[in-house]
Amino acid sequence: MMRSFSTAARVMGAAGLLAMTPLQPAGAEPDADADTAEIVIAAGPCFGRCPVYSTRILADGGGRFIGTRFVAKVGEQALLVEPATFRAIEKRLAPYRPAADRRIGPEECESFRTDAPSWTVRWVDKSGEAVTLSFSLGCTDLRYVPLAEAIRSSNEMLPIGPLVGDRQR
């Protein structure tokens, strides 16, 4: 469960979507059918007991969970993810896939709280080219609520609940 944004911020999410800075070049259409071979979603640390882990999913259905800290299962675990789930996650995250690596942290936010966890999403295409988006949940600008919700909801589609445990965000 994401606790970084207030209920008011979630209600205002639609307004925030309109104000969101595009992560792709102007005129670029998100391509959920791109040559994406894998997606990695990683939950980063906070100043506290936030779960730290990464999940790598492959277009063909394979995957790996690596639990690092404050998770139910520390270490590497194999995952099976349906290709349809991969495509759904790819589609959900497509509007936020940057053209080049991007970090959204205090320098891009009007309202920022320190010591918050982060999400990192990495897309790797079939040729091995990767692009990464890092987003600190300390950024509480309404324009980034849709991005945070897209990552959180994509993460919830993965079969990792028992591996993360009660602390899943």
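How many bridges join β1 to strand β6, and in which sense do the two run? I began my notebook with this pairing, keeping in mind that the model is a predicted one. I found 7 bridges between β1 and β6 (residues 118-125), and the two strands run antiparallel. I then looked up individual partners, and noted that Thr36 has Asp125 as its bridge partner in β6, while Ala43 is matched with Trp119 of β6.

**Entry: the sheet**

I next traced the sheet as a whole, which is open, has 7 strands with mixed pairing, and follows the order β4-β3-β2-β1-β6-β7-β5. At its edges I found β4 (75-80) and β5 (102-104), each of which has a single partner strand, so one side of each is left without a neighbour in the sheet. I recorded an average twist of 15 degrees from one strand to the next. As a reminder to myself, strands of a sheet pair through backbone hydrogen bonds, in either the parallel or the antiparallel sense.

Moving along the sheet, I saw that β6 and β7 pair over 7 bridges, in the antiparallel sense, and that one of the partners is Thr132 of β7, which is bridged to Arg122. These two strands form a hairpin with 4 residues between them, where Gly128 takes a positive phi near 95 degrees.

**Entry: helices against the sheet**

I asked myself which strands α4 lies across. The list I wrote down is β1, β2, β5, β6 and β7, with α4 running at about 70 degrees to β6. Helix α3 (residues 83-93) also packs on the sheet, where it touches β1, β2 and β6, and its direction makes about 70 degrees with that of β1.

I checked the length of α4 (residues 145-156) as well: at 1.5 Å a residue its 12 residues should span 16 Å, and the end C-alpha atoms are 16 Å apart, which agrees. The helix is mostly covered, since 10 of its 12 residues are buried; among them are Val145, Leu147, Ala148 and Ile151. Arg152 is also on the buried list, and I noted its relative accessibility of 15%, which counts as buried because the cut-off is under 20%.

**Entry: salt bridges**

My search of the whole structure gave 9 salt bridges. In α4, the side chains of Arg152 and Glu149 meet in one, at 2.6 Å from N to O; being 3 residues apart in the helix, the two are separated by about one helical turn.

I then followed Arg56, whose side chain meets that of Glu38 in a salt bridge of 2.9 Å, N to O. Arg56 lies in strand β2 and Glu38 in strand β1 (residues 36-43), so the pair ties together parts that are 18 residues apart in sequence. Are these two residues buried or partly exposed? I found Arg56 partly exposed, with a relative accessible area of 34%, whereas Glu38, at 10% relative accessibility, counts as buried. I also noted that Glu38, Arg56 and Arg122 are linked in a network of salt bridges, and Arg122 is the residue I had already met as the bridge partner of Thr132.

A further salt bridge joins the side chains of Asp141 and Arg143, at 3.5 Å from N to O, and Asp141 counts as buried, at 7% relative accessibility.

**Entry: buried positions and rings**

I picked Thr55, in strand β2 (residues 52-58), and found it buried, with a relative accessible area of 1%. Leaving out residues up to four places away in sequence, I recorded that Thr55 touches Ile39, Val40, Ile41, Arg64, Phe65, Leu79, Leu158 and Ile160.

I did likewise for Ser136 in strand β7 (residues 130-136), which counts as buried at 11% relative accessibility. With its neighbours within four places in sequence set aside, Ser136 is in contact with Ile104, Gly105, Phe112, Ala116, Pro117 and Ser118.

Last, I looked up the rings and found 2 aromatic pairs in the structure. One of them is formed by Phe135 and Tyr144, a tilted pair at 5.9 Å centre to centre with 50 degrees between the planes. I noted both residues as buried, Phe135 with a relative accessible area of 1% and Tyr144 at 0% relative accessibility.

Note on methods. Residues numbered from 1 in each chain as written. Predicted model: local features only at pLDDT ≥ 70, side-chain atom pairs only at ≥ 80, totals over all residues. Heavy atoms only, no water. Buried < 20%, exposed > 50% of the residue type's maximum accessible area, 1.4 Å probe, protein only. Contact = heavy atoms within 4.5 Å. Expected span 1.5 Å × (residues − 1). Phe/Tyr/Trp six-rings, centres within 6.5 Å; stacked < 30°, edge-to-face > 60°. Salt bridge = Lys/Arg side-chain N within 4 Å of Asp/Glu carboxyl O. Pairing = 2+ DSSP bridges. Axes fitted to C-alpha atoms, helices over the stretch in contact; angles between N-to-C directions.
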